[in-house]
Amino acid sequence: MLIIGIALCYLLGCSVLLKMDKKFSLAELFGLSFLIGIGLETVFLFLLDIMQVHYSQPILMGLNIAAIFFLTYKYSVNKSDLQYKLEEFKTSAKSVNYVALFLFCIIAYLFYAIMIKNLFWPPAETDSITSFDKLGRIMAAEGRLKISLFQYNLQGAAGVYPPLFHGSFAYVYIFGAETPKIVITLFFLSLLLVFYQLVKNYVGSTAAMLFTLILMATPEMYAHAALGLGNMPTAAYICAAVLSTYTWLDKGGNKYFWTGATMMGFSVWMRSDVIAFVAPAILVVLIFMWRAKDFKKMFIYGAFAALPFFAWLLYVKLKIELPQASRFDFAIGYSAERLHTMLSYCKAYLLAVSYSEVHGGQLYGIAFISFFIAILINAGLSFKKGAKTIFGNQAFLLALIFMSFALYFTEFYLINEKVQAATIASLMASSFKRGMFYFIPLVLFYTATCYSSKILFDKLEKFRTAS
Amino acid sequence: MAKTKQDQQTDKGPKKPVNSSSPTSAPFTRSLIIIGALSVIFTAIYMLNAGYSDLRSLDQERRALQQNPSGNGQRLDELNHRIHDIETDTGFIKTLFFGYYYDVHSVAFGAQDQIDQAIADIKEDKTKFGQDNSGPITREDKLASKVHTFRLMDFVNANCPPNAVILLPPADSLSGNSKWNFIWDPMWVEYFIYPRLCIASGTEKLYPDLAKRITHVLIVKGIGYDKLPYEVPADKREPLCLMPIHKPTTDTTQTSN
């Protein structure tokens, strides 16, 4: 039954994608189908809870089949669409890129190794036991989102988190999974596939494969591909949301508009704190669409990105009845000591140095360092060739990354240590550290696709193809 | 109409002289050169931290020699120097790539071995606890090998009805001992004992409804007898057991091994 459950999830996601656009690559179809599919499954769980319908396999299967039928009954297989797919396949089969193939083999081996480790062990991490897996298991057992443990405050910290992550656990439990970690492997696969395709759009498959390898091998990220925690899966959504939005703004077209908007919505359906990414994205889209006088897209994007956030806030307030805003202390004012602690941790993470018990280099490898080096090189080149030539629309991507980081930093600055029952140092060494995952695909995307990298990879490609 | 790549090449003038080898061999050879260069870079990154893999065996050898140092002084000195060199070599580049080395060496190359070892350990544990180890390894077996208080939780489940409410031992007397990690935390314990409920010691006033329903007290390291409304003779106090909240007419103390 688990295979049926996962297949339905993929089919549902695929149906939505084909409704958006027919020209998705195979990597995008596989990667995005799961992210959209599992996101929608948790929306079903949410709606069933509101309607007080008990979760069960038949109900979910019925809902899935009805949704897939509704999305695809008018879908006709166009000859040109098939030709497009066939051409794509033929081109890749004819001109084998041996370098990309070599890198793919390394990625496949690393993926296999972490997958067998992930699937062997049940979740045993403290956060998973106290929150995520507990919520997922009991949601499946009780057939509702607001489980009985809320009555005695035994639900754990993630009880107030939006339901995408623990809901995905509940979904596979409903379909008979012994442990829910299959979804971790599928989230990781989606992250890699989506990142690969979005980078490939700009610099070709060799560079895209190399940077996908760098992304996957980022030490802390790779370790999390075998843990039952929600940060790496959130990074998959943020990666798809921000980079699709950027690609849409940069290249135009409907495909990435819809994926950007949908993924942005699912990002806040995963964790409310990623509003730090949604707010700057809406601002950038607002500027672009205002200039283009396309108010319809502006409204649709804003609605898709913000509605899940407010829907969950309302659910927490009206049904769960737990105050969420109390996690923040808005009257904190200026605290030099707190700021110093936070900045010291940030310096360690971003510049790959040590602070207290953490070492940024050992956690994130070359991810952030290469980003800063790329910015410096391009800034240097901009003196010669002009900032517009060097940065172009990527200035908006950089603005998005820096604004999101500033907001994410502010969220942690405002956290009420007493309510959170943790010091700011311990939060920076744990939660903030894991939150840095969200930035890794974004900074690696910039490093791979910036002006200087494009020149470098163009030369490499010319050498490889002997052209 | 846009020109194809081939058209553009034709416009540039006559084609370059063709090599004697087949037309596809040049890109293939060039691909091999790039693959070779990448392999060298990856191997260099790996070797940069390869000394760490020797650390454990060197340390084991040193410990063995320290047991019997006579005549082994020179080797002990060599080992001390080697271990010192590895431990203090923390240059920026080296630490930048240490995580990648760990990913490949310990996680990727070691994944299957670690799983095989875990299966062997689990089977050994099952034999130790008198269970049949010929069957498949279950989720519970794996959790028991990861979470050292899992068997205690299992014991609680076996000796309490599903509607039981268990008072946990106080955190302040156990939190310093990693052996009893989280046994006082109701959020953590609840995962293992659901649908039974639990309540943290000292929070009875916060959750009066739950406190009223307490059916058992979990005694750990002999702590918790003061929470019982009846006296248990000193000679009958087990260090690790589950006590009913109401005085039983017969001895129903459940002790855990």
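User: How many of the residues of chain B count as buried?

Analyst: Happy to start there. In this predicted model, 22% of the 257 residues of chain B count as buried.

User: And which elements make up chain B?

Analyst: Chain B has ten helices and five strands. Contacts add to that picture: taking those between residues at least 6 apart in sequence, 53% join residues at least 24 apart.

User: Where do the domains of chain B lie?

Analyst: Domain 1 covers 27-108, and domain 2 covers 147-255. The C-alpha centres of these two domains of chain B are 48 Å apart.

User: Let's turn to the contact between the chains. How many residues does each chain give?

Analyst: Chain A contributes 39 residues and chain B contributes 36. On the chain A side, the elements giving two or more residues are helices H5 (98-120), H6 (126-142), H9 (219-224), H15 (360-364) and H22 (451-465). Of these, H5(A) gives the most, with ten residues. By type, the chain A side divides into 25 nonpolar, nine polar and five charged residues.

User: What should I know about pLDDT when reading chain B?

Analyst: A good general habit comes first: where pLDDT is low, predicted coordinates should not be read in detail. Chain B averages a pLDDT of 80, and 84% of its residues score at least 70. Over residues 1-21 of chain B, however, the pLDDT is below 50. That stretch has three contacts in the model beyond near neighbours in sequence.

User: Lastly, what are the ipTM and pTM scores of the model?

Analyst: The ipTM is 0.86 and the pTM is 0.90.

Conventions: Residues are numbered from 1 along each chain as its sequence is written. Chains are lettered from A and ligands numbered from 1 in the order in which they are written. This is a predicted model: local features need pLDDT of at least 70, side-chain atom pairs count only at pLDDT 80 or more; totals for chains, interfaces and linings use all residues. Helices (H or I, at least four residues) and strands (E, at least two) are DSSP runs, numbered from the N terminus. A residue is buried if 20 or more other C-beta atoms lie within 10 Å of its own, exposed if 12 or fewer, and partly exposed in between; C-beta atoms are placed from the backbone. Two residues are in contact if their C-beta atoms, placed from the backbone, lie within 7 Å. Domain bounds come from an automatic or database domain assignment. Ala, Val, Leu, Ile, Met, Phe, Trp, Tyr, Cys and Pro count as nonpolar, Asp, Glu, Lys and Arg as charged, and the others, Gly among them, as polar. pLDDT is the predictor's confidence in each residue, from 0 to 100.
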